[in-house]
Amino acid sequence: MSNKLNIVLAAGLIACGLTLVNARYQARHLFIELERLQQTSRQLDIDWAQLQLDQSTLGKNERIEQIARTNLNMTPLTPARTQYLTTGGAR
Amino acid sequence: MKRDKPFTGGRVAASKGMAFSKSPVLAVRLPDWRSRVMLIVLFAAFAALGLRALWLQGMSTQFLQKQGKSRYERTLELPATRGKIMDRNGQVLASSLPVKAVWAIPEDVLASPPEKLTELARLLEMPEAEMRKKLDSDRTFVYLKRQVEMDVIAKIDKLKINGLDTRKEYKRFYPQGEVMTHMVGFTSVEDVGQEGMELAQQKSLVGVPGSRRVIKDRLGRIVEDLGFSKAPHDGKDLTLSVDSKLQYIAFTSIKNAVEKFNAKAGAALVLDVHTGEVLALANYPTYNPNDRSKLTGEQLRNRVITDVYEPGSIIKPMTVALALETKRVTPNTVFDTGAGRIVIGGHAIRDSHPKPMLTTSGIIQKSSNVGVVKISQLIPPQEMWELYTKLGFGQAPRFGFPGPAAGRVRPWKSWRPVEYANMAFGHGLSVSLLQMARSYMIFARNGDMIPLSFVKVDEEPAGQQIISPKTAAQVRTMLESVVSPEGTASRAQVAGYRVGGKTGTAQKIVNGRYSQTSYVGSFVGIAPMSKPRFVIAVMVDDPKGAVHTGGGVAAPTFADLAANALRAVNVPPDSSITDIIIPETPLEESL
């Protein structure tokens, strides 16, 4: 009787040990994956900062005005040639 | 050899001999003490082992565990970035990106092939001779170049030069360059704020690098996190009150003015009337914060905040407002400004365009010195001083911007009559453009004063009532009359909008005396008049052209700035006048 119990317990112990090994293995892999993704996240942050900077550099008012004046032949607006529309239609 | 008595008992080795073990020769007689010594020695050895175990386990555990950990744990540096600076619409004004510093162990680097060194010098954009000079050193660590961008680093890595290594650091980029620099400021190579908001907000912008402990496997992958030994904190992002568009408009206006009027410098400031936010702060000459190799003090100077000047006639509405507020005059009270000359304490004060009679409104419109002196004579000096103090003159403003000038207003008890008279039209006291613009907030708002802010604010701050709304409205009407063909600031008119303001011309003090050739022309205005939105202040320092007065140089700059600013923020026009009439000989204010 006690012999059978010992065998069952030993088998259970071995099974527990194996699942522990497996769990540790999984945990390490997931951890490595997490690290990799965090690294990606940091890189994306940097890219985001870079893109914001590019946007600000390219969207500089100075540059826009320059392009509008020279490439697009635009001229500043003057009130003399502006028609203002009031809300509520003509009165 | 024969023994008398044979032994009995015991083993018999030979039948005829004695028992072997009984042989007295062989009988070992051990002294009793030897076994006891042995016992003690053994016991002592066990005790020593026990003590040793106790020592290792109990006393030096920590040391040993630390030694053990250091053999498999690694500490990783976790860098923290400095916060970004953005304008009120979220456009980035300053941002840090990772770059690398290139350093070398000179001995090893010099041993590599010369063509590689030539290539390295080319990539680092420095003459090879200079690089070799840096390497010619006894030290084992030499920075070759700092803040090298990542794409260059990638090329340098490909050269595979022995003894060359890199260190991670951050570089600050300022996409708006010279337009925004007096507002934003800049940082040093070590990421420490040096000027402007970078300096003012250093504490919250700066990031605190941390570190964490990990266990790495054979392939260098992190397999276990042992937690932070110090958590990193990125710097906080900062949203300024400034509006990039308005800033560009202000900068362009002031730049054009300095070039057109051949002036030494110029400055402009745009304030939001409702929130007290600084929407634009422009200075010219300026500098590029991304390349500060040829920086001079003149370029660095923030004239709006750190420079003081005598405001001149700009201060007249304050004197008038106080007289109106205390009911000593009404807008229609008539003053005899006679021959445009008044003598106080033996000193004559003159008007450049004498008018015999002027109302209070007329005194402001024509900027009459005599008139305003007459009004000031109705007000005790102490009351005047109290108003100046309430307006913040003579005190360094605390709006979270570094290096504000206090200006100078002497205590009223020391004012001589002629000095008091001079002060009524803005001489004998000094203010910064920021203080002057802020004081005009009482007219633009309904007589109350709010604190200014360089960072974005979400709700309107509580104001401190200084004059009544009625007085503020009366002064606004007078200010609008100044910007008319009959006033001193006819050039400040803006097509399609009602604007108001006051010109100021002050002689600069050169070698302790008023100069006859150097002036500061300034203008502070409110736009649009129907529903004030901006207070705009413009200062042109030392214009050397045909015109040098505030009405001549600062007023048209204001008009240019205001017209573009109102259009940029979609303020509907409140006037149908689109043709601007500027008289051939516009009225100039008196000095």
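In this predicted model, strand E6 (residues 210-216) of chain B and strand E7 of chain B run antiparallel to one another and are joined over five bridges. Within this pairing, Ile215(B) stands opposite Glu224(B), a residue of E7(B). The two strands belong to an open sheet of three strands in chain B, whose order is E1-E6-E7 and whose pairing is antiparallel. At the edges of the sheet lie strand E1 (73-78) and E7 of chain B, each of which pairs on one side only, and the twist from one strand to the next averages 30 degrees.

Strand E7 of chain B also has a part in the contact between the chains, in which 22 residues of chain B meet 20 residues of chain A. On the side of chain B that touches chain A, two or more residues come from each of strand E3 (92-104), strand E7 (222-230) and helix H10 (244-260) of chain B.

Chain B is itself assigned two domains, domain 1 (77-239) and domain 2 (244-568), and their C-alpha centres are 45 Å apart. The contact between them draws 21 residues from domain 1 of chain B and 21 residues from domain 2 of chain B. Helix H7 (181-184), helix H8 (196-200) and strand E8 (238-239) of chain B each give at least two residues to the side of domain 1 that touches domain 2.

The table sets out the residue classes of two contact sides.

| Side | Nonpolar | Polar | Charged |
|---|---|---|---|
| Chain B, touching chain A | eleven residues | six residues | five residues |
| Domain 1 of chain B, touching domain 2 of chain B | ten residues | seven residues | four residues |

Note on methods
Residues are numbered from 1 along each chain as its sequence is written. Chains are lettered from A and ligands numbered from 1 in the order in which they are written. This is a predicted model: local features need pLDDT of at least 70, side-chain atom pairs count only at pLDDT 80 or more; totals for chains, interfaces and linings use all residues. Two residues are in contact if their C-beta atoms, placed from the backbone, lie within 7 Å. Helices (H or I, at least four residues) and strands (E, at least two) are DSSP runs, numbered from the N terminus. Ala, Val, Leu, Ile, Met, Phe, Trp, Tyr, Cys and Pro count as nonpolar, Asp, Glu, Lys and Arg as charged, and the others, Gly among them, as polar. Two strands pair if DSSP finds at least two bridges between them. Axes are lines fitted to C-alpha atoms, for helices over the stretch in contact, and angles run from 0 to 180 degrees between N-to-C directions. Domain bounds come from an automatic or database domain assignment.
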